[in-house]
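Me: I am new to this structure and would like a close look at a single part of it, namely the charged side chains that pair with one another. Please take me through them slowly, and add a word on the cysteines at the end.

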Amino acid sequence: MRKKWWKILCILLLAATFVLGFGISVPYKTTLQETIRNYFFHPALWVVMMVLFTTSFVNSIMVLRKRSIIADLRAAEFGRTGLVFGVMGLLTGMVWAKYTWGAFWSGDPKQTGTLVGLLIYAAYFVLRNSISDDEKRARVAAVYNIFAFTMLFPTLFIIPRMVESLHPGSQGNPLINPSDIEPKMFIVLWCIALPGYIMMGIWVTSLRLRLRRIEEKNAL
Amino acid sequence: MRKILSSFFTIIFLFNTYTLCAQQAFNKKEQVTGEIYVGRIHYIVIGIFLVALFLLSLYLFKIERRITALENK
């Protein structure tokens with residue numbers, strides 16, 4: 001994890017994402033217009049958030065199985081970075097909504113569900129900070145983290161799909177309509193943007209984790 | 001962490017501004033509308049984003065060096 005090459009690769013991938021995201025030609029859609037370029041940023045942030053939250057969730061299970069304090073630190077830090085990416089996903093979504101739906105916040109089930117999911121996850125950190133005993137905090141936080149991760153599925157994916165929503169993907173419609181997107185856009189998102197964002201998430205988390213370990217050692 | 005967050009939020013703000021400018025230019029149904037020119041906005045935004053990314057990476061590498069130094073102590 002301390003090797004430099006993958007961090008330089010991360011910067012290069014993100015630079016390529018920005019250059020291609022704003023530089024390549026995109027199909028003209030009446031409602032989307034130039035906002036279609038958000039396709040290179042907004043969905044990727046959600047995928048990264050889910051990757052980081054899943055890592056946090058796995059570490060919380062390890063806390064309960066092995067009573068590992070290191071796993072607890074990992075769960076907290078991956079969760080924290082995941083939450084930052086989630087907030088960024090929500091903000092980029094709001095910007096997109098402003099220019100396609102007419103308002104930053106329209107109370108759409110997808111927006112509301114996302115906010116609820118993120119708030120449930122934010123409570124994980126409030127809970128962590130409220131317990132001073134290390135072992136007790138690790139166990140209680142791990143249980144809550146498993147609950148918060150599980151709650152993401154109904155709030156983000158199930159309920160918004162079952163009700164009427166302006167967001168693509170509701171009532172059986174595809175989340176991403178292949179006719180709206182050109183193959184080169186898929187390539188930029190999945191092969192360049194997504195690995196870049198994931199590496200950035202892991203990089204920031206690893207730095208925070210190392211810092212936390214130093215703090216823990218100093219506290220002992 | 002605060003600096004990292006502010007970098008991310010700056011990028012979001014720039015993204016919003018970019019979308020507004022691009023939409024205004026398209027709404028006038030012309031590629032060239034005096035000062036706003038969509039192609040030029042793209043290049044300007046790419047430049048700003050790359051500078052922001054460069055500064056963010058410099059900051060992260062600096063933090064990493066400091067952490068390594070602390071670990072080696």
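Reply: What follows goes through a group of paired charged side chains and then turns to the cysteines.

This is a predicted model, in which local features need pLDDT of at least 70 and side-chain atom pairs count only at pLDDT 80 or more, while totals for chains, interfaces and linings use all residues. Residues are numbered from 1 along each chain as its sequence is written, chains are lettered from A and ligands numbered from 1 in the order in which they are written, and side-chain values use heavy atoms, with hydrogens and water left out.

Side chains of opposite charge can pair when their charged atoms come close. The term salt bridge is used here for a side-chain nitrogen of Lys or Arg within 4 Å of a carboxyl oxygen of Asp or Glu, and over all chains the structure holds nine of them.

A good place to begin is E77(A), which is buried, with a relative accessible area of 0% (buried means under 20%, exposed over 50%, and partly exposed in between, with a 1.4 Å probe and protein chains only). Its side chain meets that of R80(A) in a salt bridge, at 3.5 Å from N to O. Both residues belong to helix α3 of chain A, residues 69–100, where they are three residues apart and therefore separated by about one helical turn; helices are DSSP runs of H or I with at least four residues, strands are runs of E with at least two, and both are numbered from the N terminus. R80(A), for its part, is partly exposed, at 26% relative accessibility.

E77(A) also forms a salt bridge with R208(A), at 2.9 Å from N to O. Because R208(A) lies in helix α6 of chain A (residues 183–219) and E77(A) in helix α3, this pair ties together parts that are 131 residues apart in sequence.

Within helix α6 of chain A, E215(A) and R212(A) are three residues apart, or about one helical turn, and their side chains meet in a salt bridge at 4.0 Å, N to O. E215(A) is partly exposed at 45%, whereas R212(A) is buried at 14%. Through salt bridges that share partners, E77(A), R80(A), R208(A), R212(A) and E215(A) are joined into one network.

As for the cysteines, a disulfide is a pair of cysteine sulfur atoms within 2.5 Å, and by this rule there are zero over all chains. C10(A) is in no disulfide, since the nearest cysteine sulfur, that of C191(A), is 16 Å away, and C10(A) is itself buried, at 0% relative accessibility.
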